[in-house]
Amino acid sequence: INNFFSKNYSLWIPYEGVSFSGGKIDTFSASSVMENKDLRVAYWTASPLLLNNDTDMIFAINNTCNQILMNGEAQISIAADIMSNIIATNQTLVAVLLGLEIFAISSVVLFLLLVIRVILQSYSKLFRVLSRIKEDVFLQRVDELTAIRECFTKNVEGKEFSQKVTAYLENDHKQVKRGGRIGNKDKAKVNTGGSRHREDKFIMKDLAKKALKNLLLACVLVAAIAGGFFAAYFTASSTFTDLEVKNNRLTIAHKLGYSFDQLLGAFYFTIIFYNTTDFKFRYGPPVSQFDVFLDDLSSANEQLLNSLTDEGTGEIDPILQDFLRADMCSYVSSSVLATCNTVASKGATGLLAMNTQYLQFNSIYYQKFMQDPTFVAGQTLLVNYAVSIRSMVSVFPEAYEFLRTFLMDDFNNKITSQKSESLTIFIILLIALALSTGIIQ
């Protein structure tokens, strides 16, 4: 969006050396200007060798071949960078989420340790109190509480309830006052004047063992959940790495297809405008840009094979292998099938062979032109050149379109697969969390 509205187009007026409207304009304004100029191109019926004699034609072609062409080339890199940034951002996000998950898991373990410590301390205090209370005093208090409970279950407004409560309170008051104990009528008096306390030792070994056993079980469950988090992280990380590889494949396919498309125009402009210094192609002399395309495309097959070869297995997808080396025509549309069969009959059965053959034709005709770089020699040479490469020029867009579509489908399938895997892992972790919570409780 920023690219569309920013003023980054400089449309130059041929033979005057000044920019249109006195400076840079935005994409929409540039498109409007170029549409009007392109109408001239659409209705051109004369020989292409006469293009340099028409100002409007030169304006349309010169600006299309420079600013607009360069901005179009930049879109490939921009799209690749956007996808790479999205993948990198998600990789960072997944790492942050893993850190938060590990922090949460660690907090749970620390919380469990704290709970165990609190439980042991609480029971230690309880046991210490119980160990200091004499058994007969404890039993008497239990009897009295039992009697009170029975009164509550009968009638709290009855006389018996009032008497029981009064007797209980008076008996407790006497015990506190004299430090002794008064038994009920069913039991004999015990230690009426003695101490109600004793000093006994207690051992919490069994309780500690039980607590540690439960803690160990909880830690095992927490470790299993943490393992699930790590599995999800490594799965996502592997997927993002794979997506980056696939994005690189798409970028290479787009750039090579684009460069092969431009090679024809670069050769035409080299011959037509070889002796015209005012015409530029990609902001340089057409002949120099043709050399750039030839150099870049000389390693086209190597780039394709390196990018499409799986690093783990060292192999290429069987469909792409067939497309690249054996039967390219089975994968193009029916509209160019006959033309593709013509190309295949001349030895270019796969895309790699067609790339090589096309580059060889361009190199041969380029060398012939450089031997006699005149306008008259160029006229004859262009006719022979067009006849030689006409079939391949028709097949190239279809071939690279299939390659891009195949790689894009592979990219989308990987994303869909990752979504399914992530959902499965999430459901498993959710169930594991619910079960672990129940077991830990």
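# Notebook: helix packing around H6

I started with the contact pattern: 71% of the contacts in the chain between residues at least 6 apart in sequence join residues at least 24 apart. Note to self: this is a predicted model.

**Overall make-up.** I looked up the elements next and got twelve helices and two strands for the chain. Reading from the N terminus, I wrote the order down as α-β-β-α-α-α-α-α-α-α-α-α-α-α. I also checked burial, and buried residues come to 34% of the 441 in the chain.

**H6 by itself.** How many residues does H6 have? I find 68 residues in H6, with 99 Å from the first C-alpha to the last. That is close to the 100 Å expected at 1.5 Å a residue. I then went looking for bends and noted a kink of about 25 degrees in H6, centred on Leu-263.

**H6 against H12.** Before going through the pairs, a reminder: two packed helices are described by the angle between their axes and the distance between the axes. For H6 and H12 (residues 375-440), I have an angle of about 170 degrees and axes 9 Å apart. An angle over 145 degrees counts as roughly antiparallel, so I put H6 down as roughly antiparallel to H12. I sorted the residues of this contact by class and got 38 nonpolar, nine polar and eight charged.

**Two spots on H12.** I picked out Ile-428, which lies in H12. Is Ile-428 buried or exposed? Its relative accessible area is 52%, and the cut-off for exposed is over 50%, so I logged Ile-428 as exposed. I also checked its distance to Ile-225: the two are 203 residues apart along the chain, but their C-alpha atoms are separated by 9.6 Å.

Phe-406 is my other pick from H12. I paired Phe-406 with Leu-250, 156 residues away in sequence, and the C-alpha to C-alpha distance came out at 9.4 Å. Which residues does Phe-406 touch, leaving aside those up to four places away in sequence? I listed Asp-317, Ile-319 and Leu-320.

**H6 against H11.** Next I took H6 (residues 205-272) with H11 (residues 351-371), where the axes come within 11 Å and cross at roughly 10 degrees. That angle makes H6 roughly parallel to H11. On the H6 side I noted Phe-260, Leu-263, Leu-264, Phe-267, Thr-270 and Ile-271. On the H11 side they meet Asn-355, Tyr-358, Leu-359, Asn-362, Tyr-365, Tyr-366 and Phe-369. By class, I count ten nonpolar, three polar and no charged residues for H6 with H11. Leu-263 turns up twice in my notes, as the centre of the H6 kink and as one of the H6 residues meeting H11. As for the spacing of those lists, an α-helix has 3.6 residues a turn, so residues three or four places apart point the same way.

**H9 against H11.** I stayed with H11 and brought in H9 (residues 318-325): the two pack at an angle of about 30 degrees, with axes 4 Å apart. The cut-off for roughly parallel is under 35 degrees, and H9 and H11 are therefore roughly parallel to each other. I wrote down Phe-323, Leu-324 and Arg-325 from H9, and Leu-351, Leu-352 and Ala-353 from H11, as the residues making the contact. My class tally for H9 with H11 is five nonpolar, no polar and one charged.

**After H6: Phe-273.** I moved on to the loop between H6 and H7 (286-297), where Phe-273 lies. What is the relative accessibility of Phe-273? It comes to 1%, so Phe-273 goes in my list as buried. I also noted that Phe-273 and Pro-286, 13 residues apart along the chain, have C-alpha atoms separated by 7.3 Å.

**Last entry: Asp-81.** I placed Asp-81 in H3 (residues 55-132). At 44% relative accessibility, Asp-81 counts as partly exposed. I paired Asp-81 with Thr-251, 170 residues apart in sequence, and the C-alpha to C-alpha distance is 9.7 Å.

Conventions:
Residues numbered from 1 in each chain as written. Predicted model: local features only at pLDDT ≥ 70, side-chain atom pairs only at ≥ 80, totals over all residues. Heavy atoms only, no water. Axes fitted to C-alpha atoms, helices over the stretch in contact; angles between N-to-C directions. Parallel < 35°, antiparallel > 145°, perpendicular 65-115°, else oblique. Contact = heavy atoms within 4.5 Å. Nonpolar A, V, L, I, M, F, W, Y, C, P; charged D, E, K, R; others polar. Expected span 1.5 Å × (residues − 1). Bend = angle between axes of the 7 residues up to and from the residue. Buried < 20%, exposed > 50% of the residue type's maximum accessible area, 1.4 Å probe, protein only.
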